[in-house]
Amino acid sequence: MSSSSTAFSVWIINKAGGLIYSKTYAQGLSPGSALLATFKCEAESSPPDLTSNEYLVLASTFHSIHAIASRISPISGSSGVEVIEAETFKMTCLQSPTGTKFVLLTTPSHPSPEQVLRRVYETYADYLKDPFYTVEMPIRSETFDTKLASVVRG
């Protein structure tokens with residue numbers, strides 16, 4: 001059972017829609033979890049985690065929905081989808097001026113996902129100063145993982 005301020009995961013999506021970073025911080029979002037609960041599947045004690053391929057598909061789909069929403073919005077200059085809220089999760093998006101999207105999946109009652117995303121963006125901006133990192137490419141750094149975990153967990 002997740003607390004009222006659980007952050008499940010963070011995604012960073014480049015301007016082309018590629019998932020360049022994904023990290024899960026808490027269990028609770030997984031494919032089939034409702035289905036497993038409904039059928040009381042006893043073969044597995046917990047629902048399966050999302051695979052890396054499923055994360056890529058989800059990020060790409062979100063990027064597409066975000067782009068469509070910004071184009072069809074009746075409000076001129078709309079930046080696209082900012083929040084998607086469901087019964088069991090909230091997906092909050094912060095888009096940087098360069099088009100990079102920072103997505104935080106939390107419980108619906110999380111008190112400050114926007115504030116967490118601003119700190120995630122600041123951490124990413126600091127990481128861009130690393131001369132060995134190529135912008136828009138996947139992030140594979142234990143230092144970045146540690147700093148981001150600190151930001152997400154508060």
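## Overall architecture

The secondary structure of the chain comprises four helices and five strands, and this description rests on a predicted model. Read from the N terminus, the elements follow the order β-β-α-α-β-β-β-α-α. The chain has 154 residues, and 34% of them count as buried.

## Strands E1, E4 and E5

Strand E5, residues 101-106, pairs with two other strands. On one hand, E1 and E5 run antiparallel and are joined by six bridges, with Ser9 having Leu105 as its bridge partner in E5. On the other hand, strand E4, residues 90-95, is also joined to E5 by six bridges in the antiparallel sense, and here Met91 stands opposite Leu105. Leu105 of E5 is thus the partner of Ser9 and also the residue facing Met91.

Six of the six residues of E5 are buried, so this strand is largely enclosed by the rest of the structure. In a regular strand the side chains alternate between the two faces of the sheet. In E5, Lys101, Val103 and Leu105 point one way while Phe102, Leu104 and Thr106 point the other way, and all of these residues are buried. Lys101 therefore belongs to the buried set, as do the nonpolar residues of E5.

## Two hairpins

Strand E1, residues 7-13, pairs with E2 in the antiparallel sense over five bridges, and within this pairing Val10 has Lys23 of E2 as its bridge partner. Five residues lie between the two strands of this hairpin, where Gly17 adopts a positive phi near 95°.

The hairpin formed by E4 and E5 likewise has five residues between its strands, and in this hairpin Gly99 takes a positive phi near 100°.

## Helix H2

Helix H2 covers residues 52-72. At 1.5 Å a residue, its 21 residues should span 30 Å, and the end C-alpha atoms are indeed 30 Å apart, which agrees with that expectation. Tyr55, Ala59, Phe62, His63 and His66 are the buried residues of H2, and they cover an arc of only 105° around the axis, which puts them on the same side of the helix. On the other side of H2, the residues Asn53, Arg71 and Ile72 are exposed.

## Helices H3 and H4

Helix H3, residues 113-127, has 15 residues that should span 21 Å at 1.5 Å a residue, and the distance of 21 Å between its end C-alpha atoms agrees with this. The buried residues in H3 are Pro113, Val116, Leu117, Val120, Thr123, Tyr124 and Tyr127; because they cover an arc of only 115° around the axis, they lie on the same side of H3.

Helix H4 runs over residues 142-153, and its twelve residues should span 16 Å at 1.5 Å a residue, in agreement with the 16 Å that separate its end C-alpha atoms. Phe144, Leu148, Ala149, Val151 and Val152 are buried in H4, and, seen down the axis, these buried residues fall within an arc of 165°, so they line one face of the helix. The face of H4 turned away from that buried side carries the exposed residues Glu142, Thr146 and Arg153.

## Glu136 in the loop between H3 and H4

The loop between H3 and H4 contains Glu136, whose phi is near 75°, a positive value in a residue other than glycine. Glu136 has a relative accessibility of 19% and therefore counts as buried, given that the cut-off for buried is under 20% relative accessible area.

## The second largest pocket

Rolling a probe the size of a water molecule over the atoms shows where empty space is left. The second largest pocket has a volume of about 240 Å³. Its lining consists of 13 residues, and those nearest its centre are Leu19, Ile20, Tyr21, Ser22 and Ser52. By residue class, the lining of this pocket divides into seven nonpolar, three polar and three charged residues.

Strand E2, residues 19-24, and helix H2 each supply at least two residues of the lining of this pocket. E2 gives the most to the lining, with five residues. The strand that pairs with E1 over five bridges is thus also the element that gives the most to the lining of the second largest pocket.

Notes
Residues numbered from 1 in each chain as written. Predicted model: local features only at pLDDT ≥ 70, side-chain atom pairs only at ≥ 80, totals over all residues. Heavy atoms only, no water. 1 Å grid on protein atoms, 1.4 Å probe; cavity = no way out; pocket = protein on both sides within 12 Å on 5 of 7 lines; lining within 4 Å. Points joined across faces, edges and corners; volume = space filled by probe spheres on them. Pairing = 2+ DSSP bridges. Expected span 1.5 Å × (residues − 1). Buried < 20%, exposed > 50% of the residue type's maximum accessible area, 1.4 Å probe, protein only. Arc of directions from axis to C-beta.
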